[in-house]
Amino acid sequence: MRDRISETVRLWFAPQRLRDEGTTPDYRFSLANERTFLAWIRTALALVAGGIAVDQFLTDLRWGVRTGVAIVLLAGAALCAFRAVNHWVRCERAMRRGEDLPASRFPVLLASGTALAALLVIAVVVLGLAGR
């Protein structure tokens, strides 16, 4: 398992090594894979912006609540960025090997974390916990 993780991480920084595996897929599929990667990176950037916005602009929220929501969003951003590159490598490898594309539970985790942050803010507003 450790070797597999190490090999995957090496491919993150040396994607040209993927060319040694299997056959070159139709370039349209590789470009679609890259667009998906970029969409995940945009999602990560949006979560970073949301985390910073919560921390800097929702100053009426108590410090602990504001910090908690910001951390959930920023942690989601970090996970999303790592997931983007990992999924890109896994999909590219699968296409080159003629295998099925890998399934992922990450979209559910990301949606759950984002929903949790939103519900936390809603609860704070409804319950009137805003205030320093």
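These are my notebook entries on a predicted model of one protein chain.

**Entry 1: overall layout**

I began with the secondary structure and counted four helices and zero strands in the protein chain. Read along the sequence, the pattern is α-α-α-α. I then looked up the radius of gyration, which is 19 Å, whereas the globule rule gives 14 Å for 132 residues. The value is well over the rule, so I noted the chain as more spread out than a compact globule. Along the principal axes, the C-alpha atoms fill a box of roughly 60 × 30 × 20 Å.

**Entry 2: surface, contacts and charge**

I checked burial next: 30% of the 132 residues count as buried. The chain exposes about 8900 Å², and carbon and sulfur atoms supply 64% of that area. For contacts I took the pairs at least 6 apart in sequence; 72% of them join residues at least 24 apart. I also looked up the charges, 17 positive and 11 negative. The mean positions of the two sets are 5 Å apart.

**Entry 3: helix α2**

Helix α2 covers residues 27-57, which is 31 residues. I wanted to know what its end-to-end distance should be, and at 1.5 Å a residue the expected span is 45 Å. The end C-alpha atoms are 44 Å apart, so the distance agrees with the expected span.

I listed the buried residues of α2 as S30, N33, W40, A44, L47, G51 and V54. Which helices help to cover them? I found α3 (63-97) and α4 (106-127) among the elements that do.

**Entry 4: A84**

I moved to helix α3 and picked A84, which is found there. Its relative accessible area is 1%, and A84 is therefore buried, the cut-off being under 20%. Leaving out residues up to four places away in sequence, I found A84 touching F37, W40 and I41. W40 is also one of the buried residues of α2. I then took the C-alpha distance from A84 to E34 and got 9.6 Å; the two residues are 50 residues apart along the chain.

**Entry 5: H87**

H87 is also in helix α3. Is H87 buried or exposed? I read a relative accessible area of 13%, so H87 is buried. With residues up to four places away in sequence not counted, H87 touches N33, P102 and S104. N33 was already on my list of buried residues in α2.

**Entry 6: R93**

The next residue I looked up in helix α3 was R93. At 15% relative accessibility, R93 counts as buried, because the cut-off is under 20%. I then asked which residues R93 is in contact with, leaving aside its neighbours within four places in sequence. They are E7, T8, L11, L18 and E21.

**Entry 7: G22**

My last stop was G22, in the loop between α1 (2-13) and α2. Its relative accessibility is 53%, so G22 counts as exposed, the cut-off being over 50%. I took the C-alpha distance between G22 and A94 and noted 9.0 Å. These two residues are 72 residues apart along the chain.

Notes: Residues numbered from 1 in each chain as written. Predicted model: local features only at pLDDT ≥ 70, side-chain atom pairs only at ≥ 80, totals over all residues. Heavy atoms only, no water. Helix = DSSP H or I, 4+ residues; strand = E, 2+ residues; numbered from the N terminus. Expected span 1.5 Å × (residues − 1). Buried < 20%, exposed > 50% of the residue type's maximum accessible area, 1.4 Å probe, protein only. Contact = heavy atoms within 4.5 Å. Rg over C-alpha atoms; globule rule 2.2 N^0.38 Å. Areas by Shrake-Rupley, 256 points an atom, 1.4 Å probe, with all protein chains shown as cover. Lys, Arg positive; Asp, Glu negative; His and termini not counted. Charge placed at Lys NZ, Arg CZ, Asp CG, Glu CD.
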